[in-house]
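Please walk me through this structure step by step. I would like to see how its parts touch one another.

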Amino acid sequence: MRDRTVYQRTRSAIKFLANVKHANQCLHYCDYQTISGTEYQVFTNTYVLFMLVDKLELPYYLDYQCGGLKYPNIERIYKHASLGTDITGLIDINDVIYQMKNKTIHPADLLKFHLDFVEFRIKAKYIKDVVDILGTIDLRVYYTKPNAPLLFVDAISGNQALAMCLSI
């Protein structure tokens with residue numbers, strides 16, 4: 001289900017970048033990087049990382065003064081979070097978004113999920129950011145190993161996101 005327009009996705013991405021609260025000034029902007037042979041528009045707040053094939057109109061870090069800093073090499077991060085166990089059925093993304101709209105869960109809430117002998121937690125806000133910026137709830141979700149980010153993949157567009165989770 002494609003439920004967000006490019007305009008809505010762009011507004012969500014700009015808001016996401018505006019809320020980056022880290023010292024690296026480059027993270028307030030996007031970069032363009034080739035990862036595993038595909039060119040992506042990438043941006044992150046260090047907790048959620050987006051890799052978009054269908055690029056949005058976002059500020060590019062080389063167009064701004066970043067104090068001589070370079071954008072982080074995303075491919076190095078991505079290699080550690082490639083496809084693992086498909087847990088799409090474990091996380092009901094539609095239900096998470098529904099509960100957030102009805103305020104039965106708060107964005108800061110840690111949602112718990114169990115996979116075999118591992119329990120992992122992810123902030124509800126991270127899932128909402130992924131849905132808002134990727135523009136769909138029709139996502140495949142992959143878990144690789146404890147304390148590695150979850151990989152969200154939109155099979156139709158090729159857009160991807162990594163979101164930090166905690167394993168217990």
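**A walk from a loop to the core**

Start at Tyr47. Leaving out residues up to four places away in sequence, Tyr47 touches His22, Tyr126, Leu162, Ala163 and Met164. Keep in mind that this is a predicted model. Tyr47 sits in the loop between β2 (38-44) and β3 (48-52). Is Tyr47 buried or exposed? Neither label fits: its relative accessibility is 40%, so Tyr47 counts as partly exposed. Now look at Val20. In sequence, Tyr47 and Val20 are 27 residues apart. In space, their C-alpha atoms are 9.9 Å apart.

One partner of Tyr47 is Tyr126. Tyr126 is a buried residue of helix α4, so follow that helix next, because α4 is mostly covered. How many of its 11 residues are buried? The count is nine. Among them are Ala124, Ile127, Val130 and Leu134. After α4 comes Gly135. The phi of Gly135 is positive, near 85°.

Helix α4 (residues 124-134) has a partner in helix α3 (residues 93-101). Their axes come within 10 Å and cross at roughly 105°. That angle falls within 65 to 115 degrees, which means α3 is roughly perpendicular to α4. Which residues meet there? From α3 come Ile93, Val96, Ile97 and Met100. From α4 come Ala124, Lys125, Ile127, Lys128 and Val131. Seven residues of this contact are nonpolar, two are charged and none is polar.

Next, find the largest nonpolar core. This core has 56 residues. Phe43, Ile93, Leu150 and Phe152 touch the most other members. Helix α4 gives the most to this core, with seven residues. Ile93 has already appeared, in the contact of α3 with α4. Take Leu150 as another example. Setting aside residues up to four places away in sequence, Leu150 touches Ile87, Ile91, Phe120, Ile122, Val141, Tyr142, Tyr143, Ala161, Leu162, Ala163 and Cys165. Leu162 and Ala163 are in that list, and Tyr47 touches them too.

Finish at Ser12. Where does Ser12 lie? Its place is helix α1 (residues 6-18). Ser12 has a relative accessible area of 17%. Buried means under 20%, so Ser12 is buried. The side chains of Ser12 and Arg4 are joined by a polar contact of 2.5 Å. Beyond its neighbours within four places in sequence, Ser12 is in contact with Arg4, Asp132 and Ile133. Asp132 and Ile133 bring us back to α4, where both are buried.

Terms used:
Residues are numbered from 1 along each chain as its sequence is written. This is a predicted model: local features need pLDDT of at least 70, side-chain atom pairs count only at pLDDT 80 or more; totals for chains, interfaces and linings use all residues. Side-chain values use heavy atoms; hydrogens and water are left out. Axes are lines fitted to C-alpha atoms, for helices over the stretch in contact, and angles run from 0 to 180 degrees between N-to-C directions. Helices (H or I, at least four residues) and strands (E, at least two) are DSSP runs, numbered from the N terminus. Angles under 35 degrees count as roughly parallel, over 145 as roughly antiparallel, 65 to 115 as roughly perpendicular and the rest as oblique. Contact means heavy atoms within 4.5 Å. Ala, Val, Leu, Ile, Met, Phe, Trp, Tyr, Cys and Pro count as nonpolar, Asp, Glu, Lys and Arg as charged, and the others, Gly among them, as polar. A nonpolar core is a set of buried Ala, Val, Leu, Ile, Met, Phe, Trp, Tyr and Cys residues joined through side-chain atoms within 4.5 Å. Buried means under 20% relative accessible area, exposed over 50%, partly exposed in between (1.4 Å probe, protein chains only). A polar contact is a pair of N or O atoms within 3.5 Å; within protein, one must be able to donate a hydrogen and the other to accept it, and residues adjacent in sequence count only if both atoms are side-chain atoms.
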